[in-house]
Amino acid sequence: MKGRLARLAAVRRLVKTRKIESQDTLLSCLQAEGFAVTQATLSRDLKTLKVGKASDSLGGYVYFLPMEGRERERAYADDFLKGYISIDWSGNIVIIKTHSGHCDPVSVALDSFNMEGEVLGTVAGRDNTVAVFLREGTSGQDFMKRMKEIMPELEE
């Protein structure tokens, strides 16, 4: 019989490489690989691995693993780059124009960039504008310099 660590590794691999839509599907995949596992054990394994479930954009749901380290940072940068249209500033206020519906992902990305030294806070508008309030003494140019350090491909 295969052990717990091997089973957890198999669950991680399956969730990463296949479109797993239910615990039943995952259970079947594990059993096909020779794991003797129950639904209750699989539920505990999913909790241990912090596996989540999200929309697959086709009307269904799939399991996913939480991102780690650089992978998470890159995902936030990609969200920002995909969502923003332009960046402009006056004084200590930066306005980021976004594509319709991208305010929240752009704002969340900004909040994840560890810019507490430069940014006091962000406010996501309803549809296509994010306001960024800079700390006293931080200019729009300082903000853009830091953003380019985080995302060298950022265009002004």
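A residue here is called buried when its relative accessible area is under 20%, exposed when it is over 50%, and partly exposed in between, using a 1.4 Å probe on protein chains only. With that in hand, welcome to this structure. It is a predicted model, in which local features need a pLDDT of at least 70 and side-chain atom pairs count only at pLDDT 80 or more, while totals for chains, interfaces and linings use all residues. Residues are numbered from 1 along each chain as its sequence is written, and side-chain values use heavy atoms, with hydrogens and water left out.

**The sheet**

Helices (H or I, at least four residues) and strands (E, at least two) are DSSP runs, numbered from the N terminus. Two strands pair if DSSP finds at least two bridges between them.

A good place to start is the open sheet, whose four strands follow the order E3-E4-E6-E5 and pair in the antiparallel sense. E3 (84-90) and E5 (119-124) are the edge strands; each has a single partner, so one side of each lacks a neighbour in the sheet. On average, and with direction ignored, neighbouring strands are turned by 20° against each other. Angles run from 0 to 180 degrees between N-to-C directions, and axes are lines fitted to C-alpha atoms, for helices over the stretch in contact. Helix H6 (residues 140-150) packs on this sheet, where it touches E3, E4, E5 and E6 (129-134), and its direction makes about 145° with that of E3.

Now follow E4 (residues 93-98), which is joined to E3 by six antiparallel bridges. Aspartate 88 has isoleucine 95 of E4 as its bridge partner, and tryptophan 89 stands opposite valine 94. In the hairpin of E3 and E4, two residues lie between the strands, and glycine 91 takes a positive phi near 60°. E4 also pairs with E6, again antiparallel, over five bridges; in that pairing isoleucine 93 faces phenylalanine 133.

How do the side chains along E4 alternate? Val94, Ile96 and Thr98 point to one face and are buried, whereas Ile93, Ile95 and Lys97 point to the other and are not. This fits a wider pattern: in a regular strand the side chains alternate between the two faces of the sheet.

**Helices that pack together**

Contact means heavy atoms within 4.5 Å. For relative directions, angles under 35 degrees count as roughly parallel, over 145 as roughly antiparallel, 65 to 115 as roughly perpendicular and the rest as oblique.

H1 (residues 4-17) packs against H2 (residues 23-32) at about 125°, the axes being 11 Å apart. The two helices are therefore oblique to each other. From H1, Arg7, Ala10, Val11, Leu14 and Val15 meet Leu26, Cys29 and Leu30 of H2. This contact holds seven nonpolar residues, no polar ones and one charged. Here Ala, Val, Leu, Ile, Met, Phe, Trp, Tyr, Cys and Pro count as nonpolar, Asp, Glu, Lys and Arg as charged, and the others, Gly among them, as polar.

H2 also meets H3 (residues 39-48): their axes come within 11 Å and cross at roughly 105°. That makes H2 roughly perpendicular to H3. On the H2 side the contact involves Gln23, Asp24, Leu26, Leu27 and Leu30, and on the H3 side Gln39, Leu42, Ser43 and Leu46. By class, these are five nonpolar, three polar and one charged.

**Four residues to look up**

| Residue | Place | Relative accessibility | Class |
|---|---|---|---|
| Serine 86 | strand E3 | 30% | partly exposed |
| Glutamate 118 | loop between H5 (103-112) and E5 | 18% | buried |
| Lysine 50 | loop between H3 and E1 (52-55) | 64% | exposed |
| Asparagine 114 | loop between H5 and E5 | 54% | exposed |

Which residues does serine 86 contact, leaving aside its neighbours within four places in sequence? They are Ile95, Ile96 and Lys97. The C-alpha atoms of serine 86 and glutamate 155 are 8.4 Å apart, although 69 residues separate the two along the chain.

Glutamate 118, with its neighbours within four places in sequence again set aside, is in contact with Leu134, Arg135, Thr138 and Arg146.

The two remaining table entries are worth a look for their backbone. Most residues other than glycine have a negative phi. Lysine 50, however, has a positive phi near 60°, and asparagine 114 has a positive phi of about 55°.
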